[in-house]
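Welcome! Take a moment to look over the sequence and turn the structure around, and then we can walk through it together.

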Amino acid sequence: MTQDTLLRILSLCVVLASVETLHGIARTVWLVPRLGKARALKLSIVSGSLLAFVVCYGLVPGIGLATLNAHLMLGLGLAGFMAAFDLALGKLVLRRSWAKALADFNPTSGNWLIFGLALLALYPAAIAWLKGSTG
């Protein structure tokens with residue numbers, strides 16, 4: 001993997017983290033007061049997943065990966081990065097306990113983040129397939 005490819009992947013991670021952070025702020029400011037926390041979390045998994053798809057649709061082809069496996073590995077890396085980013089944001093910025101930070105990944109507590117991460121893991125391969133760029 002070239003330095004250029006790594007830089008493009010890192011850039012994708014930063015853009016995704018930025019978009020999802022702004023999305024989370026918007027959810028907290030606008031949706032939670034109107035819909036309540038539980039409904040806002042469920043709705044935001046749809047809108048957040050759509051935002052992530054749009055970002056990936058725009059940036060994944062420029063990375064230059066050629067195989068389905070490479071795209072799947074990218075997706076797993078993105079999902080891992082976003083999971084780590086969510087935990088770090090929760091612990092370091094929001095000063096949440098580990099139990100509360102990890103609860104974001106537990107669908108039985110009303111948080112569907114794990115499903116969004118699963119979709120994110122598949123997006124690069126799906127986009128490569130849609131654009132016909134896998135070997």
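Let us begin with one residue and its surroundings. Setting aside the neighbours within four places in sequence, Leu12 is in contact with Val55, Cys56, Leu59, Val60, Ile63, Leu74 and Leu78; contact means heavy atoms within 4.5 Å. What you are viewing is a predicted model, in which local features need pLDDT of at least 70 and side-chain atom pairs count only at pLDDT 80 or more, while totals for chains, interfaces and linings use all residues. Residues are numbered from 1 along each chain as its sequence is written, and side-chain values use heavy atoms, with hydrogens and water left out.

**The overall fold**

The protein chain has 5 helices and 0 strands, where helices (H or I, at least four residues) and strands (E, at least two) are DSSP runs numbered from the N terminus. Read from that end, the elements run α-α-α-α-α. Along its principal axes, the C-alpha trace spans about 45 × 25 × 25 Å. A compact globule of 135 residues would have a radius of gyration near 14 Å, and the 15 Å of the protein chain agrees with this. That radius is taken over C-alpha atoms, and the globule rule is 2.2 Å times the number of residues to the power 0.38. Of contacts between residues at least 6 apart in sequence, 70% join residues at least 24 apart.

**The nonpolar core**

Of the 135 residues, 32% count as buried. Buried means under 20% relative accessible area, exposed means over 50%, and partly exposed lies in between (1.4 Å probe, protein chains only). In soluble globular proteins, nonpolar side chains tend to be buried together. A nonpolar core is a set of buried Ala, Val, Leu, Ile, Met, Phe, Trp, Tyr and Cys residues joined through side-chain atoms within 4.5 Å.

The largest such core has 24 residues, and the members that touch the most others are Leu12, Leu16, Cys56, Leu74, Leu78 and Leu120. Two or more residues come from each of α1 (3-35), α2 (37-63), α3 (68-93) and α5 (113-131). The most come from α3, which gives 6 residues.

**Helix α3 and what follows**

How far should α3 span, at 1.5 Å a residue? Its 26 residues should span 38 Å, and the end C-alpha atoms are 36 Å apart, which agrees. The expected span is 1.5 Å times one less than the number of residues. The buried residues of α3 are His71, Leu74, Gly75, Leu78, Ala79, Met82, Ala83, Leu87 and Gly90. Their cover includes α1, α2, α4 (98-103) and α5.

After α3 comes Arg95, in the loop between α3 and α4. Its phi is near 55°, a positive value in a residue other than glycine. Most residues other than glycine have a negative phi. Arg95 counts as exposed because its relative accessible area is 69%.

**Aromatic rings**

The whole structure holds 4 aromatic pairs. Rings of Phe, Tyr and Trp (its six-membered ring) pair if their centres lie within 6.5 Å; planes under 30 degrees apart count as stacked, over 60 as edge-to-face and the rest as tilted. Phe81 and Phe85 form a stacked pair, 6.3 Å centre to centre with 20° between the planes. Both lie in α3, 4 residues apart, about one turn of the helix. Phe81 is partly exposed at 29% relative accessible area, and Phe85 is partly exposed at 27%.

Elsewhere, ring pairs link Phe53, Tyr57 and Tyr123 into a cluster. The charged end of Lys131 sits over the ring of Tyr57, 4.1 Å from its centre; this term asks for NZ of Lys or CZ of Arg within 6 Å of the ring centre and within 35 degrees of the ring normal.

**Three more residues to find**

Here are some further helix residues to look up.

| Residue | Helix | Relative accessibility |
|---|---|---|
| Ser49 | α2 | 9%, buried |
| Gly62 | α2 | 38%, partly exposed |
| Ala118 | α5 | 42%, partly exposed |

Which residues is Ser49 in contact with, leaving aside its neighbours within four places in sequence? They are Ser44, Gly116, Leu119 and Tyr123. Gly62 and Thr21 are 41 residues apart in sequence and 23 Å apart in space, C-alpha to C-alpha. Ala118 and Val14 are 104 residues apart in sequence, with 19 Å between their C-alpha atoms.
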